Amino acid sequence: MTRDGFTMLAMETIGKKSIECTIILFQAFNDMDERLKRELAEMQLYVRKGYPVQ
């Protein structure tokens with residue numbers, strides 16, 4: 001089971017409209033999560049190269 005599937009089950013999402021809204025929320029959260037992971041990786045790369053992090 002995926003993280004999104006588990007969360008949907010835990011939230012007891014019921015009804016077509018509710019599921020659609022939850023999926024949109026998950027997509028936005030997952031996009032933000034990926035962006036933050038990329039930015040963290042870039043910052044770690046700068047630190048390893050000795051550049052100051054802004």
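**Salt bridges and helices in a predicted model**

The structure holds three salt bridges, a salt bridge being a side-chain nitrogen of Lys or Arg within 4 Å of a carboxyl oxygen of Asp or Glu. The model is predicted, so that local features need pLDDT of at least 70 and side-chain atom pairs count only at pLDDT 80 or more, while totals for chains, interfaces and linings use all residues. Residues are numbered from 1 along each chain as its sequence is written, and side-chain values use heavy atoms, with hydrogens and water left out.

One salt bridge joins Asp-33 to Arg-3, with 3.7 Å between the closest N and O atoms. This pair links distant parts of the chain, as Asp-33 belongs to helix H2 and Arg-3 to helix H1, 30 residues apart. Helices are DSSP runs of H or I with at least four residues, numbered from the N terminus. Asp-33 is buried, at a relative accessible area of 17%, whereas Arg-3 is partly exposed, at 47%. In these terms, buried means under 20% relative accessible area, exposed means over 50%, and partly exposed lies in between (1.4 Å probe, protein chains only).

Asp-33 also meets the side chain of Lys-37 in a salt bridge, at 3.3 Å from N to O. Both of these residues lie in helix H2, four residues apart, which is about one turn of the helix. Lys-37 is partly exposed, with a relative accessible area of 47%. Arg-3, Asp-33 and Lys-37 are thus linked in a network of salt bridges.

Another salt bridge pairs Arg-35 with Glu-39, where the closest N and O atoms are 3.1 Å apart. Arg-35 and Glu-39 likewise lie in helix H2, four residues apart, or about one turn of the helix. Each is partly exposed: Arg-35 has a relative accessible area of 46%, and Glu-39 has one of 34%.

Helix H2 covers residues 16–49, Glu-20 among them. H2 has 34 residues and reaches 50 Å from its first C-alpha to its last, close to the 50 Å expected at 1.5 Å a residue; the expected span is 1.5 Å times one less than the number of residues. Within H2, Glu-20 and Val-47 are 27 residues apart in sequence and 41 Å apart in space, C-alpha to C-alpha. Glu-20 counts as partly exposed because its relative accessibility is 34%. Thr-22, Phe-26 and Asp-33 are buried in H2, and what covers the buried residues of this helix includes H1, where contact means heavy atoms within 4.5 Å. H2 is followed by Gly-50, whose phi is positive, near 90 degrees.

Helix H1 spans residues 3–10 and contains Leu-9. With a relative accessibility of 55%, Leu-9 counts as exposed. Together with Met-1 and Phe-6, Leu-9 forms a nonpolar patch on the surface, with about 410 Å² of accessible area in all. Such patches are made of residues with over 30% relative accessible area and no salt bridge, where like charges are joined within 9 Å and nonpolar side chains (Val, Leu, Ile, Met, Phe, Trp, Tyr) within 5 Å. Accessible areas come from the Shrake-Rupley method with a 1.4 Å probe, and for residues only the protein chains shown count as cover.

Terms used:
Helix = DSSP H or I, 4+ residues; strand = E, 2+ residues; numbered from the N terminus.
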